[in-house]
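Open the model in your viewer and keep the selection tool at hand. We will go from stop to stop, picking a few residues at each one.

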Amino acid sequence: MQIIERTKKEEKSYNRAKAIEKFKRNLVLLKARILNQGISPDDDKTIQLHRDANGELRDYYVRNPYLQTGSSYIAVTVIREDFQNNRFIYRGLIPGADNAIGVIESNVPLSEIVASYDGNMKFQEMLSEQNAQRVRDEYYSKIGEEVKPLDGHCLYFGKPDFVLGKMKKEENGKFNFNSDTSPDIEEFLLEEREEVKKQELMRNKDSVEIDLGGGMVVAKQNCWIERGKNVNFAGINNDALYYRYEPEKVIRTEDNKYAYIGDVQIGEAKGARVNPDEPIQFVSPFIFKDVVFWADGKNLVQYFLDKKFAGLNLTLGEIFTNQKLKEAELKSDEHTFIGGITLDEFGECKKSEAIPETVKKAIEDYEEQRNGRQNNIISFDNFSK
């Protein structure tokens, strides 16, 4: 590929425009500091939260092309947001660390960090290539992970998550950061690494189209109905793992949604030998209790009968995974609200992470019914209602 270099005139023009944008950014920061005001979330000269390709607010970066330094935090998800104890833990893709997944801990939410003139600049420094790569390599060395990309890869995506460090807001409003790691986060990430190994042992090898390494695969996803005590919904998810959803009850709401509550199994019990000289390891599937799922407009049996080849296998295969279930558990106090399924304008299945109020109410009524009160619970033997 031919690289087109700027002419001296174009270079001069670019540098002048960049200097102007830097000056404007400094004014934004100066105003925020002097007036003790937060930076607008719409500001394009500082790192702020933006929508990703799917329209979700998950990407932190500087939008202004003249001021981009590579300091960004992409596809960010919440591990914990504890406002009562001022503890916030996030994970996301760090381009500065060659696309490794990094975990950040703070005593204030990310929204408060980027709104502060001092926090914003410290956050960019924390995410910088120089700092992110150094901390990543030190962390990998500590846990015994090779400090290099996966075989056949040039970036670190697919390698274990690493702890980028802690961002702390002091009483005087100033921010600082370090690469310290809290013991519970270390334990959490260790458990996740063990789960990756466990998933690899349980993986349905016949459903793997491409093995990308690091626990990442391209799977042949499928779904079907199984008969048990009740009707169960099963399949192969996008991790090439068997899953089974065993609803205990299905409740039809007034707005024609079907709320399900039951248990989810991910993976199958099996024995496998990791290395020829090692004994067989026996692994048990992952079990999630009281998982709430909802279907829009028709019950799940009807979706399986009418929409199996309209994206149902891919939608359910994305929802019923360890990662999604664990994320849902962290957000829920009692039940695990995993999301729901609906149809787009073309009649194709799509997932929804929103929880309709009618579904929440239906689950509350079900809990009351457990104590003797009746509600509108539908028998599994009557799928035509």
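Select W224 to begin this walk through a predicted model. W224 has a relative accessibility of 27%, and since buried means under 20% and exposed over 50%, W224 counts as partly exposed. A search of the whole structure finds 12 aromatic pairs, and W224 forms one of them with Y242. Show both rings: the pair is tilted, with 6.4 Å from centre to centre and 35° between the planes. W224 belongs to strand β10 (residues 222-227) and Y242 to strand β12 (residues 242-252), so the pair ties together parts that are 18 residues apart in sequence. Is Y242 buried or exposed? Y242 is buried, at a relative accessible area of 8%.

Now select F293 and F320. Their ring centres are 5.5 Å apart and their planes meet at 40°, so this pair is tilted. F293 sits in strand β16 (residues 286-296), while F320 is in the loop between α7 (308-319) and α8 (322-331), so the pair ties together parts that are 27 residues apart in sequence. Both rings belong to buried residues: F293 has 0% relative accessibility and F320 has 2%. Add Y243 and Y245 to the selection, and you have a cluster of four residues, Y243, Y245, F293 and F320, linked by ring pairs.

While strand β16 is on screen, pick D290, which lies in that strand. D290 is not a glycine, yet its phi is positive, at about 50°. With a relative accessible area of 23%, D290 is partly exposed.

Helix α8 is the next selection. Which of its residues are buried? They are N322, L325, E327 and A328. To see what these buried residues pack against, display β3 (74-82), α5 (183-202), β13 (257-266), β16 and β17 (336-343).

From there, go to N232 in strand β11 (residues 231-236). N232 counts as buried, at 8% relative accessibility. Setting aside residues up to four places away in sequence, N232 touches W224, I225, E226 and R227, along with R244, Y245, E246 and P247. Two of these will be familiar: W224 from the tilted pair with Y242, and Y245 from the ring cluster.

Next, centre the view on I104, in strand β5 (residues 100-106). I104 counts as buried, with a relative accessibility of 1%. Which residues is I104 in contact with, leaving aside neighbours within four places in sequence? Show Y73, F88, I89, Y90, F123, M126, L127, L164 and G165 to see them. For a distance to draw in the viewer, take the C-alpha atoms of I104 and G92: they are separated by 8.5 Å, and the two residues are 12 apart along the chain.

One of the contacts of I104, L127, leads on to G70, which touches P95, G96 and L127 when residues up to four places away in sequence are not counted. G70 is in the loop between β2 (57-62) and β3. Its relative accessible area is 42%, so G70 is partly exposed. Draw another C-alpha to C-alpha line, from G70 to A97: the two are 9.8 Å apart in space and 27 residues apart in sequence.

Then choose D98, in the loop between β4 (87-94) and β5. Like D290, D98 is a non-glycine residue with a positive phi; for D98 the value is about 60°. D98 is partly exposed, with a relative accessible area of 23%.

Move on to D118 in helix α3. Where does its side chain reach? The side chain of D118 comes to 2.5 Å from the backbone nitrogen of F175. D118 touches K174 and F175, residues up to four places away in sequence not being counted. D118 is buried, at a relative accessible area of 10%.

The last stop is the second largest pocket, with about 270 Å³ of space. Of its 15 lining residues, select the ones closest to the centre: N36, S116, Y117, K169 and G173. The elements that give two or more residues to the lining are α1 (8-34), α2 (110-115) and α3 (117-127). Colour the lining by class and you will have 4 nonpolar, 6 polar and 5 charged residues.

Definitions and conventions:
Residues numbered from 1 in each chain as written. Predicted model: local features only at pLDDT ≥ 70, side-chain atom pairs only at ≥ 80, totals over all residues. Heavy atoms only, no water. 1 Å grid on protein atoms, 1.4 Å probe; cavity = no way out; pocket = protein on both sides within 12 Å on 5 of 7 lines; lining within 4 Å. Points joined across faces, edges and corners; volume = space filled by probe spheres on them. Helix = DSSP H or I, 4+ residues; strand = E, 2+ residues; numbered from the N terminus. Nonpolar A, V, L, I, M, F, W, Y, C, P; charged D, E, K, R; others polar. Buried < 20%, exposed > 50% of the residue type's maximum accessible area, 1.4 Å probe, protein only. Polar contact = N/O pair within 3.5 Å; in protein donor to acceptor, adjacent residues only side chain to side chain. Contact = heavy atoms within 4.5 Å. Phe/Tyr/Trp six-rings, centres within 6.5 Å; stacked < 30°, edge-to-face > 60°.
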